[in-house]
Amino acid sequence: MTSAMALGLALPRPQYVPLPEAFISAMAWRVYETSVSDSSGKAVGLRYRTPEGEKATMLQRATAPTGEKLVAFGAALENAGVVGEAVPAQLAEAVSNSIEGVRAKKSDTQAVSPLTPSVALLQNLRGMQGVKNPPDLGEILERLFALGKIHPNDLTACGLWSEAAEQRLYIDPLLAAIDAAADKTLLETPRTKRDGGLAPRQLTQFPTDAATPFAWFHDSWTTLTRKEWVEALPGRVWVDWATTVLRLGFGLGYLWESLWYETLARKLLSQGTVDVAWDAVRADMSDVIPWRSARSGVQARDVAPLLGRRSYRADQVRHVIDDWADGKTLSDMTFIDACKSIRSDPNCIARLESALRSTARTQSGKNLWEASQYALLTRTVSGPSADYYGLLRRNGRFLTVEPGTEWIAVVASLAAGRPGESTTVAAVLASLDRMGIRPELSDLIVLLERAGLARGSADADQAVWVQAAF
């Protein structure tokens, strides 16, 4: 019997993540710890490159090495085995520049690419989001990962990342040297591993199935963190692929949640006496993101109006259901019984009707929509910091599904399962279907051909072979 708690996913409320590097750094702070202190006692936000300053509630601190710290970093690199003809400061500056991440448009701040555990700790969520108490992104990722577990196991998303990161240090002497030097000179105190606590604090009993973004995220993350993929991919590429999977798990997960709440509300308001069952709500759900044909005009492919309205409505529906559940003993109530109770409550039904008609833009709804959207959005389209791993792209005022070349390489390669393996377009389509997006076959083949992954004649349709990128 399905618990009434399964009316919702019990996910923490998200906020917009400004830079994609924040996802792995959030995992690093969940696994490791290092001191971040200030004599004023204020909270400290860390960013790699940023103008330093003080707010009413927190300090902003840059962690990229400069001055004496640059010289110390260079000396530590040499001691760790990185040798060259340059003096320590020049060596340090070269390495410091080489680990830079994406720079947002019109921004004077820049993230560091979280290539190693110690480098990942050079930025935190406070610094990257500019607020004293940002949502616990590491916890959110663990919740999303746990929702995708079809079979119970002890794996955690952060635990898998930690194992993969340590393996990378073992096989890559240069990254090991950079990690050791950063740990010694750029962190306030050497990093230490936290004692346990990697599993999410509250596991929902929401009965998700294999055809959800959560299951895709769980399986793809488990695949990518395996030894064979860590060894097959260059360090920077593995981090970029890992960030892509995390962005997709986060963005699509919250968009799926919004679709669930909207569909549940419509089902509760439907006419008739038929019981509202979980499977019936699930069967009525549409695509998480409609992927319309590339032959359509940009306005016809614009997904912002639909997804934005859905996020705002779903946020209000969630509030209605949470208010209904407040103070009730739900542990012995089935999903069907909970839905019956809601349908028999005139005030609750009236509020659901109002939520679905509403055009109000609440702050919590705005946070939800921005968090979902920007996780999937291509951040920079050109230049040295270009983002080739986005799913959505801005075209003026329109938001369309236009995956980057590397995005399709990640998705298709993980669908193949192992480095060097091949799969079919049908398998890639099935993987995309789990994510909640369904492109036309011809559009997908064009993307695969552009990425150099398609093998065979295009008229072979779903039997076209797809080669993993590595």
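## Salt bridges across the chain

The side chains of R194 and E33 meet in a salt bridge, with N and O 3.2 Å apart. R194 lies in the loop between β5 (192-193) and α9 (213-224), while E33 lies in strand β1 (residues 32-33), so the pair ties together parts that are 161 residues apart in sequence. R194 counts as partly exposed, at 32% relative accessibility. E33 is also partly exposed, with a relative accessible area of 34%. This description concerns a predicted model, and a search of the whole structure finds 27 salt bridges. As a general principle, side chains of opposite charge can pair when their charged atoms come close.

Another of these bridges joins K42 and E54, whose closest N and O atoms are 2.6 Å apart. K42 is placed in the loop between β1 and β2 (43-47), and E54 belongs to strand β3 (residues 53-54), so this pair ties together parts that are twelve residues apart in sequence. K42 has a relative accessibility of 24% and therefore counts as partly exposed. E54 has a relative accessible area of 56%, which means that E54 is exposed, the limit being over 50%.

## A buried charged pair

Where do the two partners of the bridge between R30 and E139 lie? The side chains of R30 and E139 form a salt bridge at 2.9 Å, N to O. R30 is in helix α1 (residues 22-31) and E139 is in helix α6 (residues 137-147), so the pair ties together parts that are 109 residues apart in sequence. A polar contact of 2.9 Å also joins the side chains of E139 and R30.

Are these two residues buried or exposed? R30 has a relative accessibility of 9% and counts as buried because the limit is under 20%. E139 is buried as well, with a relative accessible area of 1%. The pair is part of a wider arrangement: R30, D136, E139 and R143 are linked in a network of salt bridges.

## The setting of helix α1

Helix α1, which contains R30, is mostly covered, since ten of its ten residues are buried. Among the buried residues of α1 are F23, I24, M27, W29, R30 and V31. F23 also appears among the contacts of F250.

## Aromatic pairs

The structure has 16 aromatic pairs. One of them is formed by W229 and W241, a tilted pair with 5.6 Å from centre to centre and 45° between the planes. This pair links distant parts of the chain, with W229 in helix α10 (residues 227-232) and W241 in helix α11 (residues 235-269), twelve residues apart. W229 counts as buried, at 0% relative accessibility. W241 likewise counts as buried, at 0% relative accessibility.

The rings of W260 and F335 have centres 6.2 Å apart and planes at 55°, so this pair is tilted. W260 lies in helix α11 and F335 in helix α14 (residues 335-343), so the pair ties together parts that are 75 residues apart in sequence. Both W260 and F335 are buried. Ring pairs link these two residues with F206, F214, W256 and W278 into a cluster.

## A charge over a ring

An aromatic ring can also be found beside a charged group in this model. The charged end of R191 sits over the ring of Y32, 4.8 Å from the ring centre. Y32 belongs to strand β1 (residues 32-33), the strand that also holds E33.

## The nonpolar core

Which residues touch the most other members of the largest nonpolar core? Of the 148 residues in this core, they are W161, W221, F250, W260 and I289. The largest share of the core, 20 residues, comes from α11. W260 thus belongs both to this core and to the cluster of aromatic rings.

F250 shows how one core member meets other parts of the chain. Leaving aside its neighbours within four places in sequence, F250 is in contact with P14, Q15, V17, F23, L137, I140, L141, L144, A371 and A375. Among these partners, F23 is one of the buried residues of α1, and L137, I140, L141 and L144 fall within helix α6 (residues 137-147). Helices α1 and α6 are also the two helices that hold R30 and E139.

Key:
Residues numbered from 1 in each chain as written. Predicted model: local features only at pLDDT ≥ 70, side-chain atom pairs only at ≥ 80, totals over all residues. Heavy atoms only, no water. Salt bridge = Lys/Arg side-chain N within 4 Å of Asp/Glu carboxyl O. Helix = DSSP H or I, 4+ residues; strand = E, 2+ residues; numbered from the N terminus. Buried < 20%, exposed > 50% of the residue type's maximum accessible area, 1.4 Å probe, protein only. Polar contact = N/O pair within 3.5 Å; in protein donor to acceptor, adjacent residues only side chain to side chain. Phe/Tyr/Trp six-rings, centres within 6.5 Å; stacked < 30°, edge-to-face > 60°. Lys NZ or Arg CZ within 6 Å of the ring centre and 35° of its normal. Core = buried A, V, L, I, M, F, W, Y, C linked by side-chain atoms within 4.5 Å. Contact = heavy atoms within 4.5 Å.
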